[in-house]
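Welcome, and please open the structure in your viewer. We will go from one selection to the next, with a short stop at each.

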Amino acid sequence: MSAAKRDFGSFHSSNVQELLDIQDDEYVPPELPFRCELFETYKSNPPIFGKEIKQKHFLLEDCVFLNHGAFGGVLKDALDIAQKYQIWTERQPLRFYDRELLPRLVHVTRRIAKFINCNAKDIVLVENATTALNTVIQNIPLKQGDNVFILNVTYGAVKKMLRWRCEQTGAQLQEVEVDFPIKDKQQLIDYVDKNLKEGSSLAVFDHIPSNTPFIMPLTEIITICKSRNVPVLIDGAHGLGSLPLNITSLDPDYYITNAHKWFCSPKGTALMYVRKELQTLTRPLIISHGFGSGFNSEFIWAGLHDYSPFLALHTVLDFWEGLGQDRAHQYMHGLCKQAGRMLFEGWNTEMAAPEDMFGSMCLVRLPDGLQKISDHMDYSAAETIQNTLYHDYNIEVPVKCVQQRLYVRISAHIYNEMSEYKTLRDAVLDIEQSYKEETCQNK
Ligand SMILES: Cc1ncc(COP(=O)(O)O)c(C=O)c1O
């Protein structure tokens, strides 16, 4: 009996592995009840990036929004479809949860696996990167004296997960400091090459660190980890949607990415890839019905919750396939570079790394006149400027303090345009001027 015709009333978490095993040419996916036909037409008639696509496909208000990197920004059409699934669910909850949900989750898993080029049996859908990172870190066997390696640019919450785990087990967290501005990617490779100890229990790297968003040279770093027998976890929270992802060619041990950030899925969607040999070691933090039935079965049902963001991934995939992922990335990366250059030239400063190390976000140093707004250049000095930009200029952009210097981190998505970064440039110069006038008066 084909998968589509089967009575899924008898379908349980334990059948998930079986459905993932079916070869592509024999697999019959469940029909999609909700679709956005428009995206098919984009393949021959692509939309214009910038303001036009923002109005058409995003819910963002009238604000210079240069902080997609924080919490994403949902694709309006995908949120509409997620809401349709929610309503459909509540019209007959048993039909949805008992008969439809799991085969639909398998379908969307198969599809997203193709998009990032890995086997569908090696990935699971989870609510967010934080859940997946905790899952991996809690499952790594650690004991007294073991070593875990990170660079100090690792995401703050991940450092806390690792510190806690090391405290519990007696393992050591080795944290290597990155010096800014970065000269080239070799500098990062050298930090790993010179410091990573043979046989460490785990090394964790951000694909794109949140505060200092250069692209980590993963190919070289993963090769070093392998040569020293160190399992490597990549935190790609900013990966999917901001860069082309090819898990098979990257070949990490663990790769985690959000779909609800740069990919623009409704909130509550992330992916966790685990190399086959490590899957029996990687157990869910939430134990439910699928436990004991294999990797995918164990993760597919995390109790009763809203699964609509996962199913709306179809719409997001249709969107990216319609736009052409390469075309979208070309726009985003090109805009980011052009904007970064315009800003550091306008402020007479520099980027925190060479421009070819940035993708959809970059870090530009603020003008000298703003580098001494406080005796202690720290997070609160950064926050003061960030809040002024928001309250007085309607610009949403984060200001970061890195090694006692203030930088802005700009994001460039398909809905952004050059004029927005010019507004930012002028606003910063204006704030610098006011600050100079204020300090002169106070002398
Ligand atoms: C590098 C990095 N890792 C992990 C996370 C956590 O992502 P989430 O809050 O979606 O779990 C973030 C969020 O911004 C991040 O930037």
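How many nonpolar, polar and charged residues does the shell around the ligand have? The shell has three nonpolar, five polar and two charged residues. To see them in this predicted model, select Asn128, Ala129, Thr130, Tyr155 and Asp206, then add Ser210, Asp235, Ala237, His238 and Asn258; these are the residues around the ligand.

**The whole chain**

Now zoom out and show the chain as a cartoon. Its secondary structure comes to 17 helices and twelve strands. Along the principal axes, the C-alpha trace spans about 85 × 55 × 35 Å. The radius of gyration is 23 Å, which agrees with the value near 22 Å that a compact globule of 443 residues would have. Buried residues make up 45% of the 443 residues. Among contacts with a separation of 6 or more, 72% come from residues 24 or more positions apart.

**Two domains**

Next, colour residues 112-319 as domain 1 and residues 325-438 as domain 2, following the domain assignment. The centres of domain 1 and domain 2, taken over C-alpha atoms, are separated by 28 Å. Where they touch, domain 1 contributes 15 residues to the contact and domain 2 contributes 17 residues. On the domain 1 side, the residues touching domain 2 comprise ten nonpolar, three polar and two charged ones.

**The nonpolar core**

Which residues touch the most other members of the largest nonpolar core? Select Val316 and Ile410: they do so in this core of 133 residues. Then highlight helix H15 (residues 325-347), the source of the largest share of the core, nine residues. Both domain 1 (112-319) and domain 2 (325-438) supply at least three residues each to this core.

Stay with valine 316 for a moment and display its contacts. Leaving aside residues up to four places away in sequence, valine 316 touches Leu75, Ala78, Ala259, Phe263, Cys264 and Ser265.

**A stop in strand E5**

Finally, go to alanine 203, which is found in strand E5 (residues 202-206). Is alanine 203 buried or exposed? Alanine 203 counts as buried because it has 25 C-beta neighbours inside 10 Å, and 20 or more are needed for that label. Show Phe149, Leu196, Cys225, Val230 and Val232 too: alanine 203 touches these, not counting residues up to four places away in sequence. For a last distance, pick the C-alpha atoms of alanine 203 and valine 16; they are separated by 31 Å, with the two residues 187 residues apart along the chain.

Key
Residues are numbered from 1 along each chain as its sequence is written. This is a predicted model: local features need pLDDT of at least 70, side-chain atom pairs count only at pLDDT 80 or more; totals for chains, interfaces and linings use all residues. Domain bounds come from an automatic or database domain assignment. Two residues are in contact if their C-beta atoms, placed from the backbone, lie within 7 Å. Ala, Val, Leu, Ile, Met, Phe, Trp, Tyr, Cys and Pro count as nonpolar, Asp, Glu, Lys and Arg as charged, and the others, Gly among them, as polar. A residue is near a molecule or strand if its C-beta atom, placed from the backbone, lies within 6 Å of it. Helices (H or I, at least four residues) and strands (E, at least two) are DSSP runs, numbered from the N terminus. A residue is buried if 20 or more other C-beta atoms lie within 10 Å of its own, exposed if 12 or fewer, and partly exposed in between; C-beta atoms are placed from the backbone. The radius of gyration is taken over C-alpha atoms; the globule rule is 2.2 Å times the number of residues to the power 0.38. A nonpolar core is a set of buried Ala, Val, Leu, Ile, Met, Phe, Trp, Tyr and Cys residues joined through C-beta atoms within 7 Å.
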